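I am opening this notebook to keep track of what I looked up in a structure that is new to me. The entries follow the order in which I went through it.

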Amino acid sequence: EEGWYPLLQFRVRSVFDFPRLGTSALFFRWKVFRAHAVDVRLSLMHLEVYRQRPDVNAVVHAHPPTATGFAVAGIPLDRAVLAEVLTTLGSIPIAEYGTPSTRELPDAVRKYIKAHDGLLLANHGALTCGPNVMAAYYKMETIEHFAKISLVARMLGRENLISRDEVERLQGLRGFYGIPAPAPLCTDPDEAAAEQALCQVL
């Protein structure tokens with residue numbers, strides 16, 4: 001039946017083959033997959049995404065190990081190093097830590113979700129959203145993929161950044177590929193420091 005559903009948690013291998021994400025949580029508008037209900041208070045974060053983003057129909061929350069390592073270390077994935085990430089997600093900031101099952105977590109997510117389709121959650125995990133479940137899932141896969149590559153590059157001692165002109169060109173390709181950007185790139189440092197993020201830092 002169509003409509004809003006409570007947060008569902010499931011072993012992802014019983015629905016899709018998501019071996020790298022382990023146990024994930026989805027909150028979505030359409031079909032209920034084989035799953036068991038969990039504490040509905042955890043859905044506060046997912047509901048906040050829907051309140052802030054009427055274009056979103058699916059939210060994925062997971063704990064991919066490499067990306068979560070960046071979240072624990074307090075390192076955002078916001079450096080322009082991979083064309084794939086620039087054309088699908090842009091920057092991936094870190095939302096401040098919030099105690100799970102409280103209003104702190106949705107309050108932390110609110111700051112960034114209008115301008116980003118993917119976030120790291122400090123000392124917790126990651127969150128992505130999209131027009132459907134698979135789009136949101138693939139964005140989660142992209143975050144973990146990016147985190148692994150970024151970790152290797154940092155271990156090797158260098159990240160070769162893509163130029164600003166090329167970043168803008170890649171951002172322009174999002175429309176060509178049918179991946180609308182939730183927000184433009186920040187052009188003023190003060191915009192990036194605002195209480196509500198309305199642009200992306202790259």
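Which residues of helix 1 are buried? I noted them down as Ser43, Met45, His46, Glu48, Val49, Tyr50 and Gln52. I keep in mind throughout that this is a predicted model.

**Entry: helix 1**

Helix 1 covers residues 43-52, and because seven of its 10 residues are buried, I describe it as largely enclosed by the rest of the structure. I then turned to Arg51, which has its place in helix 1 but counts as exposed, with a relative accessibility of 53%, where the cut-off for exposed is over 50%. I also looked up how Arg51 sits relative to Lys114: the two are 63 residues apart along the chain, and their C-alpha atoms are separated by 9.9 Å.

**Entry: the chain as a whole**

I stepped back to the overall plan and found seven helices and seven strands in the chain. Reading along the sequence, I wrote the pattern as β-β-β-α-β-α-α-β-α-β-β-α-α-α. The chain has 202 residues, and buried residues make up 47% of them.

**Entry: salt bridges**

How many salt bridges does the count come to? I recorded 13 of them, and I followed a few through the chain.

I began with Arg103 and Glu48, whose side chains meet in a salt bridge with an N to O distance of 3.3 Å. Arg103 belongs to the loop between strand 5 (94-95) and helix 4 (104-113), while Glu48 belongs to helix 1, so this pair ties together parts that are 55 residues apart in sequence. The two partners are not enclosed alike in my notes: Arg103 counts as partly exposed at 36% relative accessibility, whereas Glu48 counts as buried at 3%.

Arg103 also forms a salt bridge with Asp107, and here the closest N and O atoms are 3.6 Å apart. For Asp107 I wrote down a relative accessibility of 36%, which makes it partly exposed. Looking at how such contacts join up, I found Glu48, Arg51, Arg103, Asp107 and Arg110 linked in a network of salt bridges, and so the exposed Arg51 of my helix 1 entry comes back here as a member of that network.

The next pair I looked up was Arg53 with Asp117, a salt bridge in which the closest N and O atoms are 2.8 Å apart. This pair links distant parts of the chain, with Arg53 in the loop between helix 1 and strand 4 (58-62) and Asp117 in the loop between helix 4 and strand 6 (118-121), 64 residues apart. I checked both partners for burial, and Arg53 and Asp117 are both buried.

**Entry: the largest pocket**

Asp117 came up again when I turned to the pockets. The largest pocket holds about 240 Å³ of space, and of the 14 residues that line it, those closest to its centre are Asp117, Pro131, Lys139, Ile179 and Pro180. Sorting the lining by class, I noted seven nonpolar, three polar and four charged residues.

**Entry: cysteines**

Where in the chain are the two cysteines of the disulfide pair? My search of the whole structure found one disulfide, formed by Cys186 and Cys199, with their sulfur atoms 2.0 Å apart. Cys186 lies in the loop between helix 6 (164-176) and helix 7 (189-192), and Cys199 lies in the segment after helix 7, 13 residues apart. The torsion about the S-S bond of this pair is about 95 degrees, so I entered the disulfide as right-handed. Both Cys186 and Cys199 are buried. I also looked up Cys129, which is buried with a relative accessible area of 0%.

**Entry: aromatic pairs**

My last search, again over the whole structure, gave two aromatic pairs. In one of them, the rings of Tyr137 and Tyr138 have centres 5.3 Å apart and planes at 50 degrees, so I call the pair tilted. In the other, the rings of Phe176 and Tyr177 have centres 5.2 Å apart and planes at 75 degrees, so that pair is edge-to-face. For the surroundings, I noted that Tyr137 counts as buried at 5% relative accessibility, whereas Phe176 and Tyr177 are both exposed.

Note on methods: Residues numbered from 1 in each chain as written. Predicted model: local features only at pLDDT ≥ 70, side-chain atom pairs only at ≥ 80, totals over all residues. Heavy atoms only, no water. 1 Å grid on protein atoms, 1.4 Å probe; cavity = no way out; pocket = protein on both sides within 12 Å on 5 of 7 lines; lining within 4 Å. Points joined across faces, edges and corners; volume = space filled by probe spheres on them. Nonpolar A, V, L, I, M, F, W, Y, C, P; charged D, E, K, R; others polar. Phe/Tyr/Trp six-rings, centres within 6.5 Å; stacked < 30°, edge-to-face > 60°. Buried < 20%, exposed > 50% of the residue type's maximum accessible area, 1.4 Å probe, protein only. Helix = DSSP H or I, 4+ residues; strand = E, 2+ residues; numbered from the N terminus. Disulfide = S-S within 2.5 Å. Salt bridge = Lys/Arg side-chain N within 4 Å of Asp/Glu carboxyl O.
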